Amino acid sequence: MTRSDETLRQVHGADGLWRLFLISAFPTHLWTIFLFLIDVAWITERTKPGDAVGVGAYGLVAAFFDSLGIFLGGALLGLLVSPKWGAHARLTLAGSLVWVVTGWALALQVYGYFGAPFPSRLIGWLGGLSQPVLFLYGVEWILVGVSVLLPVYFLLRSERLRRWVAGFFERVSLLMIFYLLLDATGLIIVVLRNI
Amino acid sequence: MNRRDFLKLAGLAGLGLLAPRAFMQAAPAHLAAPKQNVLVVVFDAFSFRHFALDGYGRETTPNIDRLARNAIVYHNHYAASNFTTPGTASLLTGTMPWTHRAHRLADTVTGDFRRRSLFSAFPQHHRIAYSHNPFAAILLDDFFEDIDLLVPRKELYFSQNKYLSSLFPKDDDVFNLAWDRAIEQESSKSYTLLLSQLYERLVSPPLASEIGAAHREIFAQFPLGVPAVQNRYELFILEDGVDWLSETLRLQSGPFVSYAHFLPPHEPYKPRREFVDRFAVDGLPVREKPNHPLLQKQALHTVQELNALRSRYDEFILYVDAEFGRLYENLRGAGILENTWLVLTSDHGEMFERQVAGHRFPVLYEPLLRVPLFIFPPGQQGRIDVDDLTRAIDVLPTLLSINDQPIPFWAEGSVLPPFDRLAAGTARDALALFSSNTPPEAQIQKYSASIRRGDWKLIYHTGYPELAAPRIELYNLKNDPEELDDLYPANQARAAPLLEALIGQITLANQTGP
C-alpha cells in the first residue's frame with residue numbers, strides 16, 4: 001500500500017472509501033445505461049442484437065473505469081474537508097462535490113445530445129464585447145464556483161440537509177451494487193467475445 | 001514496416017508465398033485450363049444516376065466515359081439491395097438476399113454459402129480479395145477458405161488509432177463501435193463522463209497532430225478531411241488501394257480472380273483538392289420529391305442541404321473516376337488488360353431526394369438500386385450498350401461463362417448480354433430486398449422489396465409499425481423515371497402479376513428457410 005493510499009484510508013476509512021466509490025460510480029453508470037438504451041435500437045438496426053450486447057458490455061466496463069477515476073478525484077477532494085468532521089459528514093460532503101462535478105459533465109453532454117444551438121442573439125451580444133472569451137471564462141468560473149460553494153455552505157449549515165443527503169446516498173449505494181453486478185456481467189461478456 | 005513496404009510485400013506475397021496453394025490444386029478434368037484473368041472493382045455506394053452516360057447533368061466521370069468507348073456498358077443494372085451487406089453478398093454469391101440471408105449490416109452468409117462464391121467458383125485461379133469497407137470485409141472473411149490472398153482491410157489504411165488497433169483483435173469491429181460510443185466525443189456525447197473528457201483533451205489532440213504531421217502531404221491534398229472509415233483515425237486514400245492492386249496484379253504469373261472493394265464514393269464525401277467545389281455553383285438543383293412515410297424517422301434535410309451534400313458526393317465521384325482512370329492505365333501499361341476481364345460495378349447506390357441523403361433506408365428508389373456495370377473485355381474495340389435489365393446476381397455466371405467455367409447449380413443469375421444465349425424477347429425481372437432487421441434464421445416479415453419488369457416497377461413495404469397496412473407503389477419508369485407518380489391506385493390490375501411474383505419469392509424463401 002502506498003503512502004497516498006494510507007492517507008486516503010486514514011481520512012475516509014475503508015467503509016467510507018467503498019461508499020464514496022459507490023456514490024461516485026452512480027452518475028456515470030446511470031448515464032451509460034441511459035445512452036445505451038437510447039443507442040440499442042440504433043445499434044441493433046445496424047448490426048445484430050449480439051453486437052449490441054457487446055457494445056453495452058464494453059460500455060459498462062468503460063463506465064467502471066470512469067467511475068474509478070471519478071472516485072479517485074472525489075477521494076482527493078475529501079482530503080480538503082476538515083478532519084474535525086466525522087467520517088459520515090466527510091463522506092456526505094465529498095459525495096456531494098463529486099455529484100456537482102459529474103453534474104457539470106452531464107450537463108455538457110446533455111447540451112451536446114440535444115444539440116441546442118447557442119442563441120444567435122447571445123452570440124451577437126457577445127460579439128459586441130471587447131473580450132468575449134474572457135467574459136465567457138469568467139461566467140463559467142462564477143457558475144462552477146457557485147455550484148460548488150452553495151452545496152458546501154448549506155451542508156455545513158444544516159444538519160437536517162446532511163442527514164437527508166446521507167440517506168439519499170445510502171439508497172444510491174444500494175442501487176449501485178446492482179450496477180456493479182452489471183459491470184461484472186459486462187466484463188464476462190467482453191472476455192467471452194475475445195477468447 | 002511502412003506503408004510502401006507493405007504494398008510491395010503484399011504484391012510479392014501474392015506471387016511467392018501464397019501462389020503454391022492456388023496452383024498445386026489438381027484441376028478437375030472437365031474444366032478448361034484457365035487462361036484469362038478476372039478483376040472485379042467495386043466502388044461502394046456508386047449510383048449510376050450520377051453518370052453523364054445516364055443523362056446526369058454533371059460530368060462526374062470523364063475518365064470512365066472515355067474508357068467505356070471500348071467496353072460493354074449496362075444501362076439498367078440493378079443491385080440486389082440498398083446497402084453493403086446484402087448487396088455485396090449477392091454480387092459475390094450470385095444469389096438473392098433471401099437465399100444467402102445476409103440481411104443485416106454485419107451479417108455473414110449462411111452455411112453452405114461460405115463455400116459458394118466468386119472465389120470458390122474459380123478454383124484454378126489465384127484468388128485475391130480486399131475491402132476497405134468493414135462490412136464487406138466481414139463477408140470476405142466468410143469466404144476465406146477459397147481466397148488465396150485476403151488482405152486485412154486495415155492494411156491499406158495509412159492511419160489508425162494506435163491505442164485501439166491491437167487491444168481486442170478478435171472483436172475489433174464491435175470494440176471500435178463501443179469505443180466510439182463510450183469514449184469518442186464526435187457526436188458530442190459519450191457513455192463516460194471523465195474518460196471521454198480526458199481523452200478528448202489529453203490524448204486525442206496529440207494523436208491527431210501526430211497523424212497529421214506524419215502524413216502532412218496527404219492532409220494537404222484533402223482540404224475537407226482525408227477519407228475515413230469507422231472513426232476519425234482510420235484514414236485511407238484511394239491512391240494506396242490503386243497502387244496496391246496494380247502492383248499485386250503486375251506480379252501475378254498465372255491466371256487470377258481479384259475482387260477489390262473500395263469505399264469511395266461512400267460517405268463521408270472527401271474529394272481531393274482539385275475536385276473540391278467543382279460543382280458548388282453549377283445550378284443543378286435537387287428535384288423536389290415528396291417524402292415517404294418510412295423516411296420520417298431519418299435525419300431530414302432541406303433542399304439546400306441536399307444540394308450541398310449531392311455536390312460533395314459528385315466531387316467525390318470525380319476522385320473515384322480519376323483513380324479508376326489511373327488504375328486502368330497502370331493495368332494497361334503492365335499488359336495486364338490484354339488478358340483480363342475488368343468489371344467495374346457497385347454494391348448499391350446513393351440517394352439525395354425526398355429529404356434524405358445516403359442509403360440503407362427502407363425505400364428502394366432508382367438512385368439506390370441502379371448501379372454502374374461496365375465490363376472491359378480484353379481487346380474490346382468499340383462500345384456496346386446494353387439496355388436490357390440486368391442484375392448483380394448475373395455477374396458471377398457471366399464471368400464463369402466467358403472463362404469457359406461451369407456455372408454452379410446454386411447460382412441464381414443468368415449470363416449477361418451480349419454473352420447470353422437467351423431467346424430473343426426473354427427478359428429478366430430485377431428484384432431487390434431490404435430487410436435489415438431479419439436474422440438469417442428468421443422468416444422475412446418486415447421488409448421492403450421491389451421488382452422491375454420492363455418499364456414497370458413495383459415497390460412493396462410490409463411489417464412496419466408505421467404503416468397500418470402494406471404499402472404498394474407502382475411506377476412506369478419510361479414515362480416517370482423520377483418515380484414521382486404512384487400509379488398503383490389506378491392500375492392495380494397491372495400491378496397484380498408483379499406483386500404476385502415478388503411476394504411469391506419471399507413466401508417461397510420463408511417456406512424453404514435458410
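Me: Which residues does F374(B) touch, not counting those up to four places away in sequence?
Reply: In this predicted model, F374(B) touches F48(B), F51(B), L53(B), I64(B), A68(B), I72(B) and V73(B), and the list is completed by L342(B), V343(B) and L344(B), with residues up to four places away in sequence left out of the count.

Me: And which residues have the most contacts inside the largest nonpolar core?
Reply: Those are F43(B), L245(B), F324(B), F374(B) and F376(B), so named because they have the most contacts inside the largest nonpolar core, which has 85 residues.

Me: Which helix gives that core its largest share?
Reply: Helix α11 of chain B, residues 303–333, supplies the largest share of this core, with 11 residues coming from it.

Me: What does the second core include?
Reply: The second core is separate and has 35 residues, including I72(B), V257(B), W341(B) and I375(B); I72(B) is also one of the residues that F374(B) touches.

Me: Switching to the chain contact, how many residues does each chain put in?
Reply: Chain A brings 36 residues to the contact and chain B brings 27 residues, and between them the two chains bury about 2,800 Å², with 62% of that area on carbon and sulfur atoms.

Me: How many salt bridges are there between chain A and chain B?
Reply: The count is two salt bridges between chain A and chain B, and one that can be named joins D171(B) to R193(A), where the closest N and O atoms are 2.6 Å apart. Polar contact between the two chains comes to 11 residue pairs, both residues being at pLDDT 80 or more.

Me: Which elements make up chain A's side of this?
Reply: Those giving two or more residues to the side of chain A that touches chain B are α2 (14–46), α3 (49–78), α4 (87–114) and α7 (159–194) of chain A. Of these, α3(A) gives the most, with 12 residues, and the residues on that side of chain A divide into 19 nonpolar, 10 polar and seven charged.

Me: One more residue, Q445(B): buried or exposed?
Reply: Q445(B) counts as exposed, because its relative accessibility is 56% and the cut-off for exposed is over 50%.

Me: Where does Q445(B) lie, and what is it in contact with?
Reply: Q445(B) lies in the loop between β11 (430–434) and β12 (447–453) of chain B, and, leaving aside neighbours within four places in sequence, Q445(B) is in contact with T462(B) and G463(B). From C-alpha to C-alpha, Q445(B) and L92(B) are 25 Å apart in space, with their positions 353 residues apart in sequence.

How values were computed:
Residues are numbered from 1 along each chain as its sequence is written. Chains are lettered from A and ligands numbered from 1 in the order in which they are written. This is a predicted model: local features need pLDDT of at least 70, side-chain atom pairs count only at pLDDT 80 or more; totals for chains, interfaces and linings use all residues. Side-chain values use heavy atoms; hydrogens and water are left out. Contact means heavy atoms within 4.5 Å. Buried area is the accessible area (1.4 Å probe) that two parts lose on being put together, summed over both. A salt bridge is a side-chain nitrogen of Lys or Arg within 4 Å of a carboxyl oxygen of Asp or Glu. A polar contact is a pair of N or O atoms within 3.5 Å; within protein, one must be able to donate a hydrogen and the other to accept it, and residues adjacent in sequence count only if both atoms are side-chain atoms. Helices (H or I, at least four residues) and strands (E, at least two) are DSSP runs, numbered from the N terminus. Ala, Val, Leu, Ile, Met, Phe, Trp, Tyr, Cys and Pro count as nonpolar, Asp, Glu, Lys and Arg as charged, and the others, Gly among them, as polar. Buried means under 20% relative accessible area, exposed over 50%, partly exposed in between (1.4 Å probe, protein chains only). A nonpolar core is a set of buried Ala, Val, Leu, Ile, Met, Phe, Trp, Tyr and Cys residues joined through side-chain atoms within 4.5 Å.
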